[in-house]
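Please look over the following structure with the notes below at hand. The points take up its surface charge and then its strands.

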Amino acid sequence: MKKIVIAIDGYSACGKSTTAREVASILGYRYIDSGAMYRAVTLFFLDKHISLTNPKEIERTLEQIHLAFHVNAHGTTELFMNGINVEKSIRKMRVSENVSPVSTLKEVRHAMVAQQRKLGKDKGIVMDGRDIGTVVFPQAELKLFLTADIQVRAFRRQQELLEKDKLVDFHTIIANLTDRDRIDSNRKESPLIKASDAIEMNTTHITIDEQVDEVVRLAVGKIVRRS
Ligand code: CDP
């Protein structure tokens, strides 16, 4: 069977990561959470107090960051930064509140996109993010663009954080999602926009299972046509 690249883009907390992870598992593909990479860079910058206005310092710092995805015993892909599992620390509000400004930086984007392209060179990959179908893999065989009402997105994100024992006020979440959407959509370098050939899915009234089924159905259609 020929392998394809599946790009899933869209706004924060639309269920991109959950959908991408499950679709990858059903198809036996690799799942890459590109947002986790931007979150890890943000964590490193915060810990080292890196100025976002000094391009030389940003470039030097990026050279010190080594990112690698490993699959754990439960089959879940986790991100390691310089040998340390950062899956938990990158989901904290401190990182969520700083990741979009860091993600506007040209140096950061170039470094991440180069790594993401390497990860996808053999296809058989599902990657989610903001610019996967537009910049990282413009030739992806299947592109999805996810949207959902802000209230539903905030509720889902609050539940997700609660499952990780983190109680975050609903209005703080709404403010963070709205802020990130605004910065992500308006930045100069690879803004969040729907690729012209992406299929838009509004996930407000559908369950994750329905979302996953639909993406798998579309993917199988593409795979069969290519084989
Ligand atoms: O999971 P959630 O929707 O909260 O966001 P994420 O996928 O973890 O991404 C966190 C942030 O990283 C986004 O708000 C963007 O600022 C940035 N990002 C990006 O610029 N490009 C990507 N391909 C993925 C994420």
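1. E22, D209, E210 and D213 form a negative surface patch, where Asp and Glu count as negative, Lys and Arg as positive, and His and the chain ends are left uncounted. Patch residues have over 30% relative accessible area and no salt bridge, and like charges are joined within 9 Å; a salt bridge is a side-chain nitrogen of Lys or Arg within 4 Å of a carboxyl oxygen of Asp or Glu.

2. This is a predicted model, in which local features need pLDDT of at least 70 and side-chain atom pairs count only at pLDDT 80 or more, while totals for chains, interfaces and linings use all residues. Residues are numbered from 1 along each chain as its sequence is written, and side-chain values use heavy atoms, without hydrogens and water.

3. Helix 10 (residues 208-226) contributes the most to the negative patch, with 3 residues; helices are DSSP runs (H or I) of at least four residues, and strands (E) of at least two, numbered from the N terminus. D209 lies in helix 10 and counts as exposed (over 50% relative accessible area, 1.4 Å probe, protein chains only) because its relative accessibility is 52%.

4. Strand 3 (residues 67-71) pairs with strand 4 (residues 77-81) in the antiparallel sense over 5 bridges, pairing being assigned if DSSP finds at least two bridges between two strands. L67 has M81 in strand 4 as its bridge partner.

Key
Patches are made of residues with over 30% relative accessible area and no salt bridge: like charges are joined within 9 Å, nonpolar side chains (Val, Leu, Ile, Met, Phe, Trp, Tyr) within 5 Å. Accessible areas come from the Shrake-Rupley method with a 1.4 Å probe; for residues, only the protein chains shown count as cover. The place of a charge is taken as NZ of Lys, CZ of Arg, CG of Asp or CD of Glu. Buried means under 20% relative accessible area, exposed over 50%, partly exposed in between (1.4 Å probe, protein chains only).
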